Amino acid sequence: MKILIAGEHPFAREIADLSERAGHEALAYLIEDFYDAIESGFVMEALPAVDIAVEIHNESPESKQELLLNMAYGMREKTLLLTSAFTVNTTEAAAWVPYPERVVGFGLLPPLGERSVVELAAGLNTDSAYLEQAENFWESLGLKTRRVPDSAGLVTGRFVAGFINEAVNLLVETGMSPQELDALLGQGAGLEIGPLALADYLGIDAVHGLLAGLFQESADRRYRPAPLLRRMTLAGKIGQKVGGGFFSYRPLPEAASLRRDL
């Protein structure tokens, strides 16, 4: 199958790698490269051949809507459109594009491996045939799937974002360093990675967007983004993909660009 992937690092890269190992042809872009490719005309020529499109953007509903519209424009009406349902629910995302019955929401957290589970959520207009096709696609990549109710954040994203948000609030309230807090929370909870390092890996902008989506949908104060997350997002200190967030990193290889042509 021919797969179009557009979205954030590291999500887009890992899905592209799994797709190619499964024998699919992947046309994969980070968001900035995707818009450049649209302007060049290459993506528009490739869209009619795409079987499945995967959108992974969690920064804000507005930028997510723009990306989905650009991906949907020019596709066949029967192309399955998979949208990351962390910032908005599947039903809302489907309302932005033509043929909402083909839209299926998903949620997954990197790094992807044998133990990874992809949550799938049907919107109110999703056709069951597309939900089954989504399950078959993710399982062809060697991942397990689980159907969950449609909501922003789904289940895992909601839990992880809340965990990170509380850790950021604790960071401010206790005056501890990120190293001290992550060591305490990581060891105390038996985790392989602390919540602040996890935020850096996922992208602080993505975590902030997920929380903002949860808060907007539920009005639950538990999901009100910690002010520090918003300030770091505005300052561009969003984690590993830019070399720094709560911690400092060497720039990731090819972090600024991902192009794989059909």
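1. **D205 and its partner.** In this predicted model, D205 is buried, because its relative accessible area is 7%, below the 20% under which a residue is classed as buried. The side chain of D205 nevertheless meets that of K241 in a salt bridge, with an N to O distance of 3.1 Å. D205 belongs to helix α10 (residues 204-218), whereas K241 sits in the loop between α11 and β8 (259-260), so the salt bridge ties together parts of the chain that are 36 residues apart in sequence.

2. **The E135 and R147 pair.** A salt bridge also joins the side chains of E135 and R147, at 2.7 Å from N to O. Distant parts of the chain are linked here: E135 is in helix α6 (residues 128-140) and R147 in strand β7 (residues 144-147), twelve residues apart. The two ends differ in burial class: E135 is buried at 15% relative accessibility, while R147 is partly exposed at 46%.

3. **The R76 and D51 pair.** R76 and D51 form a salt bridge in which the closest N and O atoms are 3.0 Å apart. Both residues lie in loops, R76 between α4 (61-72) and β4 (80-84) and D51 between α3 (42-46) and β3 (52-56), and the pair links distant parts of the chain, 25 residues apart. R76 has a relative accessible area of 40% and is therefore partly exposed. D51, at 25% relative accessibility, likewise counts as partly exposed. The salt-bridge count for the model comes to six, and the pairs R76 with D51, E135 with R147 and D205 with K241 are among them.

4. **Contact of α7 with α11.** Helix α7 (residues 156-174) packs against helix α11 (residues 227-235) at an angle of about 95°, and their axes are 8 Å apart. The two helices are therefore roughly perpendicular, because angles from 65 to 115 degrees fall in that class. On the α7 side the contact involves N165, V168, N169, L171 and V172, which meet P227, L228 and L229 of α11. By residue type, this contact comprises six nonpolar and two polar residues, with no charged residue.

5. **Contact of α8 with α9.** The axes of helix α8 (residues 178-189) and helix α9 (residues 195-202) cross at roughly 110° and come within 7 Å. This crossing makes α8 roughly perpendicular to α9. P178, L181, D182 and L185 from α8 make the contact with P195, L196 and A197 from α9. Six of the contact residues are nonpolar, none is polar and one is charged.

6. **Surroundings of F163.** F163 is situated in helix α7. With a relative accessible area of 28%, F163 is partly exposed. Leaving aside residues up to four places away in sequence, F163 touches L191 and P195. P195 is also one of the α9 residues in the contact with α8. For reference, the C-alpha atoms of F163 and A85 are 18 Å apart in space, and the two residues are separated by 78 residues in sequence.

7. **Strand β5.** Strand β5 (residues 103-107) is mostly covered, with five of its five residues buried. V103, G105 and G107 point one way from the strand and V104 and F106 the other way, and all of them are buried. Strands β4 and β5 run parallel and are joined by four bridges. Within this region, F106 of β5 is the bridge partner of S84.

8. **Backbone points for inspection.** Most residues other than glycine have a negative phi. Y99, which is not a glycine, has a positive phi near 55°. Y99 is found in the loop between α5 (90-95) and β5, and Y99 is partly exposed, with a relative accessible area of 36%. A219 likewise has a positive phi near 55° and is a residue other than glycine. A219 is placed in the loop between α10 and α11. At 59% relative accessibility, A219 counts as exposed, because the exposed class begins over 50%.

Methods:
Residues numbered from 1 in each chain as written. Predicted model: local features only at pLDDT ≥ 70, side-chain atom pairs only at ≥ 80, totals over all residues. Heavy atoms only, no water. Axes fitted to C-alpha atoms, helices over the stretch in contact; angles between N-to-C directions. Parallel < 35°, antiparallel > 145°, perpendicular 65-115°, else oblique. Contact = heavy atoms within 4.5 Å. Nonpolar A, V, L, I, M, F, W, Y, C, P; charged D, E, K, R; others polar. Salt bridge = Lys/Arg side-chain N within 4 Å of Asp/Glu carboxyl O. Buried < 20%, exposed > 50% of the residue type's maximum accessible area, 1.4 Å probe, protein only. Pairing = 2+ DSSP bridges.
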